[in-house]
Amino acid sequence: MDKECSICQQVDSWRQGGNPFVIAEFDHCLWVVSPHQFHQGYTLLLLKNHVRDLHDLEPNVHDALFREVRIAAQAAVAAYQPWRMNYASLGNQVQHVHVHLFPRYENDPDHLQHPWHGAQEFEQHRINGEQAQEITMRLRAHL
Ligand SMILES: [Zn+2]
């Protein structure tokens, strides 16, 4: 754990249990609901260990991470029936491996754009713990 890293701090505290934003704990990742739902069903996979870049992962961990991405994405597809999924792992702002899973919908007028196209509206779609719990239950039903 890197005590300066916000994802390490989040993983450390959220693994204690009882957080409505945690959908599941996999071998390598914590799967969590995004605090804003501009894209309905938007979740993230947070690597439990502090690793800076995907290419720094041991090959077996890299493969396992992508199996966890697939399990999460398949649950999101089953729960939300999106037009398609967008996967993003950038790490420019927080340099700790994490993967954004954005369900995209054809009725989104900007569905051909990248998922941060509407980022200025994300804050208006912030959810509370009760709403997060509804999303975690909906997703867990498809694990
Ligand atoms: Zn970290």
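Two strands count as paired here if DSSP finds at least two bridges between them. Helices (H or I, at least four residues) and strands (E, at least two) are DSSP runs, numbered from the N terminus. What you are looking at is a predicted model, in which local features need pLDDT of at least 70, side-chain atom pairs count only at pLDDT 80 or more, and totals for chains, interfaces and linings use all residues. Residue numbers start from 1 along each chain, following the sequence as written.

**View 1. The whole chain, before we zoom in.**
The chain has 3 helices and 5 strands. If you walk along the sequence, they come in the pattern α-β-β-β-α-β-β-α. The radius of gyration (taken over C-alpha atoms) is 15 Å, close to the 15 Å from the globule rule for 143 residues, so the chain is as compact as a globular protein of that length. That rule is 2.2 Å times the number of residues to the power 0.38. Along its principal axes, the C-alpha trace spans about 40 × 30 × 30 Å. Of the 143 residues, 27% are buried, meaning that 20 or more other C-beta atoms lie within 10 Å of the residue's own; exposed means 12 or fewer, partly exposed is anything in between, and the C-beta atoms are placed from the backbone. Take the contacts (C-beta atoms, placed from the backbone, within 7 Å): among those with a separation of 6 or more, 60% join residues 24 or more positions apart.

**View 2. The open sheet and its two edges.**
The 5 strands line up as an open sheet in the order 1-2-3-5-4, with antiparallel pairing. Strand 1 (22-25) and strand 4 (84-88) sit at the edges with a single partner strand each, so one side of each has no neighbour in the sheet. On average, neighbouring strands here are turned by 20° against each other, direction ignored. For these angles, axes are lines fitted to C-alpha atoms (for helices, over the stretch in contact), and the values run from 0 to 180 degrees between N-to-C directions. At the strand 4 edge, 5 bridges tie strand 4 to strand 5 (residues 98-104), the two running antiparallel. One pair to pick out is M85 with its bridge partner P103 in strand 5.

**View 3. W31 with a partner on either side.**
Strand 1 and strand 2 (29-33) make a hairpin with 3 residues in between, and 3 bridges join this antiparallel pair. A24 stands opposite W31 in strand 2, and W31 in turn stands opposite L45 in strand 3. Strand 2 and strand 3 are also antiparallel, joined by 5 bridges, and here C29 faces L47 in strand 3. In a regular strand, side chains alternate between the two faces of the sheet. On strand 2 both faces are covered: C29, W31 and V33 are buried on one side, L30 and V32 on the other.

**View 4. Strand 3, boxed in.**
All 5 of the 5 residues of strand 3 (residues 43-47) are buried, so the rest of the structure largely encloses this strand. T43, L45 and L47 are on one side and L44 and L46 on the other. Towards strand 5 there are 4 bridges, again antiparallel, and T43 stands opposite L101.

**View 5. H98 and its company.**
H98 belongs to strand 5. This histidine is buried, with 20 other C-beta atoms within 10 Å. Which residues is H98 in contact with, leaving aside neighbours within four places in sequence? They are I7, L44, L45, L46, L47 and S89. The C-alpha atoms of H98 and L54 are 8.9 Å apart, although 44 residues separate the two along the chain.

**View 6. Helix 3, one side in and one side out.**
Helix 3 has 12 residues and reaches 16 Å from first C-alpha to last, close to the 16 Å expected at 1.5 Å a residue; the expected span is 1.5 Å times one less than the number of residues. A132, I135 and L139 of this helix are buried. They cover an arc of only 60° around the axis, which puts them on the same side of helix 3; the arc is that of the directions from the helix axis to the C-beta atoms. Over on the other side, E130 and M137 are exposed. The buried residues of helix 3 pack against strand 1, strand 2 and helix 2 (59-80).

How values were computed
Two residues are in contact if their C-beta atoms, placed from the backbone, lie within 7 Å.
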